[in-house]
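Me: Please take a close look at a single part of this model, the ligand site. I would like one connected account with the cut-offs stated.

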Amino acid sequence: MKKRMNYISWDDYFLGIAELSAARSKDPNTQVGACIVSEENKILSVGYNGMPAGCNDDEMPWGREGDFLDTKYPFVCHAELNAILNSNHDLKGSRIYVSLFPCNECAKAIIQSGIKEVIYTCDKYADTDGTKASKMMFKMAGVKTRQIKQEHFVKILPM
Ligand SMILES: Nc1ccn([C@H]2C[C@H](O)[C@@H](COP(=O)(O)O)O2)c(=O)n1
Ligand SMILES: [Zn+2]
């Protein structure tokens with residue numbers, strides 16, 4: 001008997017883990033997941049967007065509008081940063097799979113931690129200055145970026 005051939009690719013596997021991690025997020029508007037992987041395809045870390053440890057997410061604001069301090073934005077820790085901070089490994093040469101293109105703050109952390117490639121699905125904030133800044137920094141720092149469309153990813157899920 002020959003081996004099974006329709007197994008999923010590494011990219012689909014790790015993006016799937018990023019998407020599954022996103023499902024842990026309490027953010028009512030946008031759930032983001034990230035998975036960091038070594039050059040040997042070993043998972044080094046995972047993360048999703050959420051409030052910092054010790055900050056009760058039942059008491060924190062989750063809104064998007066109003067006074068800055070009444071919104072989630074100054075408090076929420078992004079999926080990519082959580083994945084970086086959750087890791088006990090050297091991340092040099094690794095790649096990060098993320099369900100949403102990294103913001104400029106996460107882009108800085110990604111570059112500084114030595115991650116060499118960003119593989120993402122959604123780019124819904126592409127028109128924002130934050131995403132434009134991320135793309136500028138990734139280009140200058142030699143961090144590769146690659147999009148895998150969600151439609152492709154959904155198709156590979158077993159029925
Ligand atoms: N690459 C990103 C971008 C955003 N996030 C988090 C931060 C918030 O929890 C949410 C975005 O909220 P929205 O403005 O869409 O209501 O996603 C992240 O973790 N990683
Ligand atoms: Zn971010």
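Where does ligand 1 sit?

Reply: This is a predicted model, in which local features need pLDDT of at least 70 and side-chain atom pairs count only at pLDDT 80 or more, while totals for chains, interfaces and linings use all residues. Residues are numbered from 1 along each chain as its sequence is written, chains are lettered from A and ligands numbered from 1 in the order in which they are written, and side-chain values use heavy atoms, with hydrogens and water left out.

Ligand 1 sits in the largest pocket. A pocket here is an open set of points on a 1 Å grid over the protein atoms alone, where a 1.4 Å probe fits, with protein on both sides within 12 Å along at least five of seven lines; to sit in it, a molecule must have more than half of its atoms within 2 Å of its grid points.

Around ligand 1 there are 18 residues, the closest being D27, T30, Y73, E80 and Y125 (a residue is near a molecule if one of its heavy atoms lies within 4 Å of it). By class, this shell holds nine nonpolar, four polar and five charged residues, with Asp, Glu, Lys and Arg as charged, Ala, Val, Leu, Ile, Met, Phe, Trp, Tyr, Cys and Pro as nonpolar, and the others, Gly among them, as polar.

Oxygen atoms of ligand 1 have N or O partners on the protein (polar contacts are N or O pairs within 3.5 Å). A polar side-chain atom of D27 is 2.6 Å from a ligand 1 oxygen, a side-chain N or O atom of K72 is also at 2.6 Å from one, and a polar backbone atom of A79 is at 2.9 Å. The protein buries 95% of the 470 Å² that ligand 1 exposes when taken alone (Shrake-Rupley areas, 1.4 Å probe).

Key. A polar contact is a pair of N or O atoms within 3.5 Å; within protein, one must be able to donate a hydrogen and the other to accept it, and residues adjacent in sequence count only if both atoms are side-chain atoms. On a 1 Å grid over the protein atoms alone, a cavity is a set of points where a 1.4 Å probe fits but cannot get out, and a pocket is an open set with protein on both sides within 12 Å along at least five of seven lines; lining residues have an atom within 4 Å of a point.
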